[in-house]
Every structure is written in structure tokens, then in C-alpha cells.
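I opened a new model today and wanted notes I could come back to. Here is what I looked up, in the order I got to it.

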Amino acid sequence: MGCGIPIIHVDKEELKRKIVIPARLRRAMAAAMENKDPSVEGLEKGEGDEDEEIPEVPMVVFINPRSGGRQGTALKAKLLEFMGEEQVLDLTVTKPPDFFQYGLACLENLASLGDDCAKSVRESLRIMVAGGDGTVGWVLGSAGELHLQNRLPVPPTGIIPLGTGNDLSRTFGWGGSFPFAWKSIIKRVLLRAATGTTSHLDSWHVTVSTPDGETLELPHALRRMDQCPFVQDGATVGGELVERSCFEGVFYNYFSIGMDAQVAYGFHQLRDEKPHLAQNAIANKLIYTGYSCTQGWFLVPCMSDPSLRGLKNILRIYIRRNDSSDWEFLPVPSSIRAVVALNLQNYGSGRNPWGQLKPEYMEKRGFTEAHSDDGLIEIFGLKQGWHATFVMAELINAKHIAQAVAIRLEIRGGEWNEAFLQMDGEPWKQPLNDEYSTFVEIVRVPSQSAMIDGE
């Protein structure tokens, strides 16, 4: 399904009046980001600025020019027909944290000096992200820092889907892909971004605690923590004392451990080694499917190889339910080879592995209807590749494990010397120790992201 935008007539000049930020403010924001300094000395209104028009819905677009089968560069040129150059931010040049830390702060500083135009732009600003789920998550994570700094309101975010899966885009009505005839709908996309209602999205904070001495290649989704805040209580750690390193990150769609993450890791390695094989979303999906067939995902009899055994051998799961403050141990079914914690109702390019559950089944299991803003995360398992294939074809549901408000995972090697994990499509290889455990804790971020509805 392409970008879900209805066919309506949009007047170009009227649209520009709605979204174009006055040149004076654009230049000030660009200078603040370039110099990494949000101070506003010498930026007072000049001659001719008194008559500047305050936009109704000022907008900034982050664009990943490498996404969308190289459509990003052409899309950027098209967007510049509707807004100022400083409003279209190339992510290879301007990073989201720089925009929020310096560009947005420049507007706030001007507003504090009585600049009504800057105040209006800051309060009514909206953001669009042209890229895949990873790019959208990067921007949302940077915007989320505003909550911690009490710099409100946080601008709502819409999506132009240029990635492979585009599950965040699907969830909020922006479609699963950008259509081939995208040039003819850009005006309608921007108008929808300016006028669309908003919804909310939960996000989940992940802390990974691993014994010191392990070599870990960090994905972009994780960053090293100066101090290790992981709570060592009897529920998971069992009182073991060992020097540890900690890493943290945030995900919006899913976190997983097991064979699906191993396939994703192999695919990323192959794509990095041979980038010419992955030039667009269709090629990516074909390569991904083919690669999954070579990694043991479908080879059910190969259980003598420790790398192909079920997760029960290395994984212990603890959860906190919505109605309890206690941690509850959940046994891992012996047939499970991948465990997924899912926030959205879209996974793997629009599938819903959790499924649409019948009321009587939900009552029996203690489940509630799943939503992306309900403060709960759905935990399910995938067995061998054939089971995963039927789940992804939505012929059957995944193996339901639980709904939770927090998760703790304990991973210990034994015969395994590594495990594969991923969050929002960023996989990594996690070294394991047969004496000391690696721990993962997942808790909901207190503040929610504001999302613009595409339909």
C-alpha cells in the first residue's frame, strides 16, 4: 500500500503561506546549528522584518537522501519548491540533536526576548521525516529530550515513508511506501502534515548490562552509559557481584532476541560488504528472504548444533504486569527460537503477528486489546522458520507469551558464546559468558511522542 493521501486540489501559494518560516528566523536557526550556539545577539528584527507574515503551521522536514532507492535527493529538490532551504534538513549534514539543541533553542531565546513571530513558530512547529523507521526513531528520540528539559511543546511528527518496512508510517496512516508518482502528491502530503490530527506513541527504554571485558560492537540504537544503573535484585541477578558495562537506547516498534535477529545481523553484514546488491526496498526484501533460508531458520532437525537450539537454554524472562509491582518469572517454551517484544500492531512490513484476538481468549489469558499508546508491550515467540512464515503470512498468530509494563531478560551462555539481539531493525551480536549473565531491562519511557495522523 502506498502513501495514503487522498486526491484533493492544493493551491501552492496558499500552502507556502501556511508552512514557510520567515527568512530571518530560518537564517538564525541555520546559523545556530552551524555554530552550535543558540545565542541570539545581533538577531533583532531589521528593516522590512516588521511586515513578515507569521505562518499558520511552520514546518521542518528531515530527509535521509540515501533512503527510498535514492529517491531522497530528488524528493529534497521537490520540497524546496514549497519551503525555504533551511527548512529541509539533510540528515547527512544536520543531525536531529543539533536541530533540537541549537536551532529550536534559538527560536526559544528569541521568543523570550519578546519576538512574537519566533514564539508562534516555536509553539506551532510541525516536523516531517522522510526516511525509514530507523530515521523516524532517530528524530523522535532527539525530540524526546525536550520532555526531559521541560522545553514544551514537543513538535508532532509525520512521516514520508522511504524505508523498507515502514511500520511506523503504516501505523499512523502515512502508508507502507512512497508511490512512484510521488511528485504529483507532494503538495497533498505537506497539506496533510499541516492539517492532520495528532495521536500518541509509546516508546521503550532499554538497558543492557554485560560483564566487563566483553567486546561489543554497538549498533546506532545503543550508547554506552557512564554509570551502570541496573538494579541488581534477587529477581534476576541472584546477588552476583561483578564489574559491568551498561548501554542504553530507545525503541518504538520492537525488541527481539534469537534467530530473527541473527538473520537481520547477517543481512546487514552482507549489505555492508556488497552495497550494490541492495539498491532499493524490493531488492532488500528479496535478499533478506533468501538470507533467512541459509541461516538454519527453516532447518528444524538441526538441533544438535547449539546455535540452532531453542532460547530456553540461554534465556530467562521476567515481567511486571499492569496490575502488579512484582516481577514474575515466565518459562520460555522449548520450541521458541525468537522472542519479540512488540509495541506497534505493524511488524515486518505491515504484518500483525499478535493478531486480532477474540474477546473470550483475551479474557482467559488476561490480555487487553493492543494499542501503540496503551503503556503495554506484547511479548510473543516464533518457532522454526515455517512457523514464522505462516505467522508473517497472517495465516496463524505467533505464540503469545504475555503483555507487560516492564521486561527483564537474563542471558547466559553455557554452550553458546554469543546471542543475537535487535531493536527497531538494528541488530547486534552480544557476546555471552558462561559464568556471568547479561541482563536486558525494558521499561516504558514516561513521556509519549506526538504523531501526526496521515489519514
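The entries below go through helix packing, salt bridges, loops and one strand residue.

**Entry 1: what I'm looking at**

I'm working from a predicted model, so no experimental coordinates are claimed here.

**Entry 2: α2 against α4**

I began with helix α2, residues 23–35, and helix α4, residues 96–112. Their axes come within 8 Å, and I get a crossing of roughly 135°. Are they parallel or oblique to each other? Oblique, because angles over 145 degrees are what count as roughly antiparallel, and α2 and α4 don't get there, with a crossing at roughly 135°. The crossing of α2 past α4 is right-handed.

Next I listed who touches whom. From α2 I have L25, A28, M29, A32 and M33. They meet D98, F99, Y102, G103, C106, L107 and L110 of α4. Sorted by type, the residues of this contact come out as 10 nonpolar, one polar and one charged.

**Entry 3: α4 again, now against α6**

I kept α4 and turned to helix α6, which runs over residues 133–148. Here too the axes come within 8 Å, but the crossing angle is roughly 35°. α4 passes α6 in a right-handed crossing. On the α4 side I noted P96, P97, F100 and L104. Their partners in α6 are W138, V139, S142, A143 and L146. What types of residue make up this contact? Eight are nonpolar, one is polar and none is charged.

**Entry 4: salt bridges**

How many salt bridges does the structure hold? I count 18, and I looked at a few.

E108 pairs with R122, with 2.9 Å between the closest N and O atoms. That one ties helix α4, where E108 sits, to R122 in helix α5 (residues 116–124), and the two residues are 14 apart in the chain. I checked R122 for exposure: its relative accessible area is 5%, so R122 is buried.

E410 and R316 also make a salt bridge, at 3.8 Å from N to O. This pair links distant parts of the chain: E410 belongs to strand β15 (residues 406–411), R316 to strand β10 (residues 315–320), and their positions lie 94 residues apart in numbering terms. Is each end buried or partly exposed? E410 is buried at 10% relative accessible area, whereas R316 has 39% and so counts as partly exposed.

The third pair I opened was R321 with E328, whose closest N and O atoms are 2.7 Å apart. R321 is partly exposed at 26%, and E328 is partly exposed at 30%. I also jotted down a network: K12, K78 and E81 are joined by salt bridges that share partners.

**Entry 5: the loop between α6 and β4**

I followed the chain out of α6 into the loop that leads to β4 (157–161), which is where P153 is placed. The peptide bond from L152 to P153 is cis, with omega near 0°. N150 is in this loop as well. Its phi is positive, about 55°, although N150 is not a glycine. With a relative accessible area of 62%, N150 is exposed.

**Entry 6: the loop between β12 and α11**

Here I found another positive phi: S349 has a value near 70°, and S349 is not a glycine. S349 sits in the loop between β12 and α11. Is S349 buried or exposed? Buried, because its relative accessible area is 18% and the cut-off for buried is under 20%.

N352 lies in that loop too, between β12 (338–342) and α11 (359–365). N352 is buried, at 11% relative accessible area. Setting aside neighbours within four places in sequence, I find N352 in contact with Q345 and E394.

**Entry 7: H200**

Last stop was H200, in strand β5 (residues 198–201). H200 is partly exposed, with a relative accessible area of 40%. Which residues does H200 contact, leaving aside those within four places in sequence? I get F172, S372, D373, Q448 and S449. I also took a C-alpha distance: H200 and P156 are 44 residues apart along the chain, and their C-alpha atoms are separated by 9.2 Å.

Conventions:
Residues numbered from 1 in each chain as written. Predicted model: local features only at pLDDT ≥ 70, side-chain atom pairs only at ≥ 80, totals over all residues. Heavy atoms only, no water. Helix = DSSP H or I, 4+ residues; strand = E, 2+ residues; numbered from the N terminus. Buried < 20%, exposed > 50% of the residue type's maximum accessible area, 1.4 Å probe, protein only. Contact = heavy atoms within 4.5 Å. Axes fitted to C-alpha atoms, helices over the stretch in contact; angles between N-to-C directions. Left-handed = near helix turned anticlockwise from the far one by under 90°. Nonpolar A, V, L, I, M, F, W, Y, C, P; charged D, E, K, R; others polar. Salt bridge = Lys/Arg side-chain N within 4 Å of Asp/Glu carboxyl O.
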